[in-house]
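Open the model in your viewer and keep the selection box at hand. The tour goes stop by stop, with something to select at each.

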Amino acid sequence: MDEVLQFLAENHVFFIATMDNDQPRVRPFGFVMKYKGKLYFCTGSKKPVYRQLKANPKFELSADAGQKGWMRLSGKAVFVDDLAAKKQAFQEAPGVAGIYKDPASPDFALFYVKDAEATFCSFSSAPRTVTF
């Protein structure tokens with residue numbers, strides 16, 4: 001998991017895909033953190049991505065590192081209402097704090113990835129997969 005976290009942190013913007021009924025949807029994300037041994041992401045509870053993940057928690061993300069290759073991560077979103085985790089998110093990402101103002105805000109949704117499978121790819125070597 002630490003390798004996945006480092007890859008996402010170094011490649012600041014990554015794209016998360018969800019399903020909206022039978023239509024795939026993709027959007028950029030930029031926040032990721034490790035908390036109590038899990039990889040966390042956040043979104044707003046009023047956003048379509050939140051509703052989509054609540055309806056179908058399976059998602060996949062993709063991050064590109066240019067010449068170094070890319071990574072795909074798939075898993076299931078598990079939403080949590082853990083104030084300590086939300087406070088850590090605010091500490092790690094002041095931009096998140098600027099958007100949601102209060103870690104206890106019902107608009108601020110935090111989720112971790114369960115049953116994660118990350119595949120690291122490049123044009124020069126075979127794909128390598130890690131699970132956590």
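**Stop 1: a nonpolar patch**

Select Phe15. This is a predicted model, and Phe15 sits in strand E1, residues 14-20. With 41% relative accessibility, Phe15 counts as partly exposed. Now add Val13 and Val26 to the selection. Together with Phe15 they make a nonpolar surface patch of about 280 Å².

**Stop 2: the whole chain**

Zoom out and colour by secondary structure. The protein chain has four helices and eight strands. Read from the N terminus, the order is α-β-β-β-β-α-β-β-α-α-β-β. The radius of gyration is 15 Å, close to the 14 Å that the globule rule gives for 132 residues, so the chain is as compact as a globular protein of that length. Along the principal axes, the C-alpha atoms fill a box of roughly 45 × 35 × 25 Å.

Switch on the surface. About 7400 Å² of the protein chain is exposed, and carbon and sulfur atoms supply 52% of that area. Of the 132 residues, 43% count as buried. How much of the contact set with a separation of 6 or more comes from residues 24 or more positions apart? Their share is 61%.

**Stop 3: Ser62 in strand E5**

Select Ser62, in strand E5, residues 58-64. Ser62 is partly exposed, at 33% relative accessibility. Leave aside its neighbours within four places in sequence, and Ser62 is in contact with Phe14, Phe15, Met71 and Arg72. Phe15 is the residue from the patch at the start of the tour. Next, measure from Ser62 to Leu73, C-alpha to C-alpha. The two are eleven residues apart in sequence and 6.5 Å apart in space.

**Stop 4: Thr119 in strand E7**

Jump to strand E7, residues 108-121, and pick Thr119. Is Thr119 buried or exposed? At 10% relative accessibility, Thr119 counts as buried. Show side chains here. The Thr119 side chain makes a polar contact with the side chain of Thr129, at 3.2 Å. Beyond its neighbours within four places in sequence, Thr119 is in contact with Trp70, Met71, Arg72, Pro127, Arg128 and Thr129. Two of these names, Met71 and Arg72, also appear in the contact list of Ser62.

**Stop 5: salt bridges**

A search of the whole structure finds six salt bridges. Three of them are worth a click.

Select Lys46 and Asp107. Their closest N and O atoms are 3.5 Å apart, in a salt bridge. Lys46 lies in the loop between strand E4 (38-44) and helix H2 (48-55), and Asp107 in the loop between helix H4 (94-100) and E7, so the pair ties together parts that are 61 residues apart in sequence. Lys46 is exposed, with a relative accessible area of 62%. Asp107 is partly exposed, at 29%.

Move to Asp115 and Lys76. Their side chains meet in a salt bridge of 3.8 Å, N to O. Asp115 belongs to strand E7 and Lys76 to strand E6 (residues 70-80), so this pair ties together parts that are 39 residues apart in sequence. Both ends are partly exposed: Asp115 has a relative accessible area of 47%, and Lys76 is at 33%.

Finish this stop with Lys86 and Asp81. The closest N and O atoms of this salt bridge are 3.0 Å apart. Which end is buried? Lys86 is, with a relative accessible area of 4%. Asp81 is exposed, with a relative accessible area of 69%.

**Stop 6: helix H3**

Stay with Lys86 and select its helix, H3, residues 83-92. Which residues of H3 are buried? They are Ala85, Lys86, Gln88, Ala89 and Phe90. An α-helix has 3.6 residues a turn, so residues three or four places apart point the same way. Keep that in mind while you look down the helix axis.

What do the buried residues of H3 pack against? Show strand E3 (33-35), E6, H4 and E7, and you have their packing partners. E6 and E7 are also the strands joined by the bridge between Lys76 and Asp115.

Last, go to the start of H3 and select Asp82 and Ala84. A side-chain oxygen of Asp82 reaches to within 3.0 Å of the backbone nitrogen of Ala84.

Conventions: Residues are numbered from 1 along each chain as its sequence is written. This is a predicted model: local features need pLDDT of at least 70, side-chain atom pairs count only at pLDDT 80 or more; totals for chains, interfaces and linings use all residues. Side-chain values use heavy atoms; hydrogens and water are left out. Patches are made of residues with over 30% relative accessible area and no salt bridge: like charges are joined within 9 Å, nonpolar side chains (Val, Leu, Ile, Met, Phe, Trp, Tyr) within 5 Å. Accessible areas come from the Shrake-Rupley method with a 1.4 Å probe; for residues, only the protein chains shown count as cover. A salt bridge is a side-chain nitrogen of Lys or Arg within 4 Å of a carboxyl oxygen of Asp or Glu. Helices (H or I, at least four residues) and strands (E, at least two) are DSSP runs, numbered from the N terminus. Buried means under 20% relative accessible area, exposed over 50%, partly exposed in between (1.4 Å probe, protein chains only). The radius of gyration is taken over C-alpha atoms; the globule rule is 2.2 Å times the number of residues to the power 0.38. Contact means heavy atoms within 4.5 Å. A polar contact is a pair of N or O atoms within 3.5 Å; within protein, one must be able to donate a hydrogen and the other to accept it, and residues adjacent in sequence count only if both atoms are side-chain atoms.
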